[in-house]
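The following exercises ask the reader to work through the strands, a helix and the internal spaces of one protein chain. Each task is followed by a solution in steps.

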Amino acid sequence: MTQPLTSQDRVFVLTGAGVSAESGLPTFRGADGLWRGHRVEEVATPQAFHANPELVWQFYSERRKRAATVSPNPGHRALAELERALDERFFLCTQNVDSLHEQAGSQRLVHMHGRLMQTRCSRETCHIAPFDDERLYLSRAEIPTCPQCGALLRPHICWFGEVPFAMDRIFEQLRVCTVLLTVGTSGVVEPAASFVRMARINRARAIYIGPEEPANSKFFDEVVLGKAGEVLPGLVKELSG
Ligand code: NAD
Ligand code: ZN
């Protein structure tokens with residue numbers, strides 16, 4: 001039994017690929033980490049985009065196509081329910097690039113690794129804002145160029161070696177939270193793997209939910225082994241008292 005929240009508690013939720021697994025979007029490591037024989041780390045980098053933008057856009061186009069067919073599961077919905085109860089005492093940081101949290105009703109959230117359904121300019125010094133885009137680009141000729149500078153457009157995704165988005169807001173929320181709920185993330189991808197240690201500096205209570213122990217499990221006060229969609233609805237009820 002998890003201790004209920006008090007009116008003073010502030011909850012920071014971190015989610016990873018595992019929260020979307022029951023919706024039918026595979027985790028990287030679960031799907032053996034390979035796409036057409038390439039390691040995911042080989043297509044999700046700025047270098048890969050520079051060398052072969054067509055291949056990188058094919059990878060993300062496939063994922064766009066798949067993401068358009070899935071729906072939120074009870075785990076996403078339970079987190080949206082917790083947000084409705086806590087209002088501004090709730091913050092959700094997802095490493096996922098899908099939109100299932102929004103589709104379930106979450107509003108106070110940031111996508112630290114970007115969004116699959118957004119596109120932006122590939123030139124770092126160009127400042128056109130990322131825009132909503134669900135189109136698929138399967139050949140080099142189909143990849144659009146920036147209306148401002150002419151460079152190729154790219155997915156609005158934080159690739160390996162790039163700095164995640166919204167880190168100022170995330171660090172601020174980690175400083176003020178009293179409870180950290182971490183769901184479905186392996187605990188090896190930085191900086192998210194260190195959030196639990198940052199939250200604990202101010203003695204936040206840290207709970208992990210997922211079918212297997214994460215690599216950083218020793219930093220959690222509670223590890224609840226189970227699937228997000230099966231554990232979260234009950235856990236949110238317990239937390240809500
Ligand atoms: P990961 O693939 O490294 O780990 C997934 C974790 O989810 C594992 O710890 C696994 O035990 C757990 N898991 C599996 N099924 C689960 C379930 N039903 N309920 C709860 N947990 C479950 O993923 P990661 O740590 O999030 O990091 C990989 C990166 O890949 C992320 O940064 C993310 O940007 C990206 N990614 C995103 C998506 C998506 O947007 N849906 C999918 C795959 C990968
Ligand atoms: Zn541009």
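**Exercise 1. Pairing around strand S4**

In which sense do S1 and S4 pair, and over how many bridges? Establish also the second partner of S4 and the burial of its residues.

Solution. The model is a predicted one.

Step 1. The pairing of S1 with S4 is parallel and extends over five bridges. One position that can be located is Val11, whose bridge partner in S4 is Phe90.

Step 2. S4 also runs parallel to S5, to which three bridges join it. Here Thr94 stands opposite His111 in S5.

Step 3. Burial is taken as a relative accessible area under 20%. By this cut-off, five of the five residues of S4 are buried, and the strand is mostly covered.

Step 4. The residues may then be assigned to faces. Phe90, Leu92 and Thr94 lie on one side, Phe91 and Cys93 on the other, and all are buried, which leaves both faces of S4 covered.

**Exercise 2. The buried side of helix H7**

Determine which residues of helix H7 are buried, how they are placed around the axis, and what they pack against.

Solution. Step 1. Helix H7 spans residues 167-176, and its buried residues are Met167, Ile170, Gln173 and Leu174.

Step 2. Because these residues cover an arc of only 125 degrees around the axis, they are on the same side of H7.

Step 3. The packing partners of these buried residues include four strands and a helix: S1 (11-15), S4 (90-94), S5 (109-111), S9 (179-183) and H8 (195-201). S1, S4 and S5 have already appeared in Exercise 1 as paired strands.

**Exercise 3. The three-stranded sheet**

Give the strand order of the open sheet of three strands and identify its edges.

Solution. Step 1. The order is S7-S6-S8, and the pairing is antiparallel.

Step 2. S7 (131-132) and S8 each have a single partner strand and stand at the edges, so one side of each lacks a neighbour in the sheet.

Step 3. S6 (residues 114-121) and S8 are joined by five bridges. Within this pairing, Cys121 stands opposite Leu153, and Arg120 stands opposite Arg154.

Step 4. An edge position must be distinguished from exposure. Five of the five residues of S8 (residues 153-157) are buried, so the strand is largely enclosed by the rest of the structure.

**Exercise 4. A pocket and a cavity**

Describe the second largest pocket and the largest cavity by volume, lining and residue class.

Solution. Step 1. The second largest pocket has a volume of about 320 Å³. Its lining comprises 14 residues, and nearest its centre lie Arg120, Arg123, Glu124, Cys126 and Phe165.

Step 2. S6 and S8 each contribute at least two residues to this lining. By class, the lining of the pocket holds seven nonpolar, two polar and five charged residues.

Step 3. The count of cavities of 30 Å³ or more is one. The largest cavity has a volume of about 70 Å³. Of the 14 residues lining this cavity, Leu14, Thr185, Ala192, Ala193 and Asn216 are the closest to its centre.

Step 4. S9 and H8 are the elements that give two or more residues to the lining of the largest cavity. The class division of that lining is nine nonpolar, five polar and no charged residues, whereas five charged residues line the second largest pocket.

Conventions
Residues numbered from 1 in each chain as written. Chains lettered and ligands numbered in written order. Predicted model: local features only at pLDDT ≥ 70, side-chain atom pairs only at ≥ 80, totals over all residues. Heavy atoms only, no water. Buried < 20%, exposed > 50% of the residue type's maximum accessible area, 1.4 Å probe, protein only. Arc of directions from axis to C-beta. Contact = heavy atoms within 4.5 Å. Pairing = 2+ DSSP bridges. 1 Å grid on protein atoms, 1.4 Å probe; cavity = no way out; pocket = protein on both sides within 12 Å on 5 of 7 lines; lining within 4 Å. Points joined across faces, edges and corners; volume = space filled by probe spheres on them. Nonpolar A, V, L, I, M, F, W, Y, C, P; charged D, E, K, R; others polar.
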